[in-house]
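Work through the exercises below with the coordinates open. Try each task before reading its solution.

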Amino acid sequence: MAADENNENNESPFTRPGFIVSAVVVALVLVLGAILGTLGIVNATRDEPTTAPTVTASEDDPQQSSKPAEEPEPAAGASICGLKGEVLEGTVEEPPAAEWEFQGTIGYPTSSKYGPGKTDENGVRSCFQHSPEGALFMAANAMAQSSYPETYEPWLRYALSEGPNREAMLSEDAEPSDMAGTRVQITGFRVLDYSGTAATIDLLASVTTEGESAEVSAVLHLVWEDGDWRLDSNQAEGVDVGTAPSTGGYTAWEQ
């Protein structure tokens with residue numbers, strides 16, 4: 001019995017029952033502010049997400065081009081701060097060039113091409129390119145911006161899209177907690193879906209707490225609205241966080 005108790009006491013925190021929910025995901029909750037409580041469903045482990053095929057109309061097909069556009073008008077909307085390079089389909093296969101800066105202990109990417117193109121008086125970074133890369137940069141910036149009380153509330157108010165759930169999400173009594181002892185580093189990404197009007201970005205992050213690390217996946221659902229990428233408040237799972245089933249399939253993104 002004593003040996004069993006000793007083994008239990010020396011057991012890695014990542015193997016304790018409930019640790020993934022109570023520590024790793026909580027650590028990422030700190031990083032994502034309280035968005036998990038308002039937007040997402042937390043999964044201790046998550047199956048590999050599936051990527052839906054994107055079907056686009058051919059410019060050479062007059063029948064297709066004459067049909068009413070299925071995509072909402074904002075897909076062709078200009079960037080709120082004038083960033084050039086609108087891309088309405090595609091993906092990101094190589095890690096985009098970025099200058100990494102830090103908010104507290106969390107690194108976030110910046111680029112004169114992909115954004116953020118604007119920072120307001122509250123420190124809220126916004127205006128990302130209307131492209132797969134712009135959506136990726138927005139998702140990565142969301143990790144840092146939502147993790148600190150100074151920027152959480154104004155950032156969330158800006159970043160949430162319009163929708164029937166927006167006000168309820170904003171009214172949730174949730175704020176980021178103390179980040180002491182926890183480190184989070186973005187290490188990779190996947191663009192699971194991109195249509196110009198919406199994007200689904202899967203970020204791989206290394207979360208360290210209690211001296212041990214785990215790889216965590218955070219899937220963010222974004223929509224293009226009013227000239228910028230925003231968190232989709234129409235979905236029950238605006239953010240879906242869980243331990244990464246594997247690191248295969250991710251594109252490495254070094255800071």
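## Exercise 1: a charged pair across two strands

Asp202 has a relative accessible area of 0% and counts as buried. The model is a predicted one.

**Task.** Which side chain meets Asp202 in a salt bridge? Where do the two residues lie?

**Solution.**
1. Start from the cut-off: a salt bridge needs a side-chain nitrogen of Lys or Arg within 4 Å of a carboxyl oxygen of Asp or Glu.
2. The side chain of Arg190 meets that of Asp202, with an N to O distance of 2.9 Å. The pair therefore passes the 4 Å limit.
3. Arg190 is in strand β5 and Asp202 is in strand β6, so the pair ties together parts twelve residues apart in sequence.
4. Check the burial of the partner. Arg190 has a relative accessible area of 14%. Buried means under 20%, so Arg190 is buried.

## Exercise 2: the strands around that pair

**Task.** In which sense do β5 and β6 pair, and over how many bridges? Which other strand pairs with β5?

**Solution.**
1. Set the ranges: β5 covers residues 182-194 and β6 covers residues 198-209.
2. The two strands pair in the antiparallel sense over eleven bridges. In this pairing, Ile186 stands opposite Ala205.
3. Look at the link. β5 and β6 form a hairpin with three residues between them. Gly196, in the turn, has a positive phi of about 95°.
4. Now turn to β10, residues 251-252. β10 pairs with β5 in the antiparallel sense over two bridges. Gly188 stands opposite Ala252 in β10.

## Exercise 3: a salt-bridge network

**Task.** Which residues form salt bridges with Arg166? Is each member of the network buried, partly exposed or exposed?

**Solution.**
1. Glu162 forms a salt bridge with Arg166, with the closest N and O atoms 3.8 Å apart.
2. Glu167 also forms one with Arg166, its closest N and O atoms being 3.8 Å apart.
3. Glu162, Arg166 and Glu167 are thus linked in a network of salt bridges.
4. Assign exposure. Arg166 is buried at 10%. Glu162 is partly exposed at 48%. Glu167 is exposed at 52%.
5. The full salt-bridge count by this rule is three.

## Exercise 4: a polar side chain in β1

**Task.** Is Gln103 buried or exposed? Which side chain makes a polar contact with the side chain of Gln103?

**Solution.**
1. Gln103 is in strand β1, residues 99-103.
2. Its relative accessibility is 13%, so Gln103 counts as buried.
3. The side chain of Arg125 makes a polar contact with the side chain of Gln103, at 3.1 Å.
4. Beyond four places in sequence, the contacts of Gln103 include Tyr108, Ala144 and Tyr148.

How values were computed. Residues are numbered from 1 along each chain as its sequence is written. This is a predicted model: local features need pLDDT of at least 70, side-chain atom pairs count only at pLDDT 80 or more; totals for chains, interfaces and linings use all residues. Side-chain values use heavy atoms; hydrogens and water are left out. Two strands pair if DSSP finds at least two bridges between them. Helices (H or I, at least four residues) and strands (E, at least two) are DSSP runs, numbered from the N terminus. Buried means under 20% relative accessible area, exposed over 50%, partly exposed in between (1.4 Å probe, protein chains only). A polar contact is a pair of N or O atoms within 3.5 Å; within protein, one must be able to donate a hydrogen and the other to accept it, and residues adjacent in sequence count only if both atoms are side-chain atoms. Contact means heavy atoms within 4.5 Å.
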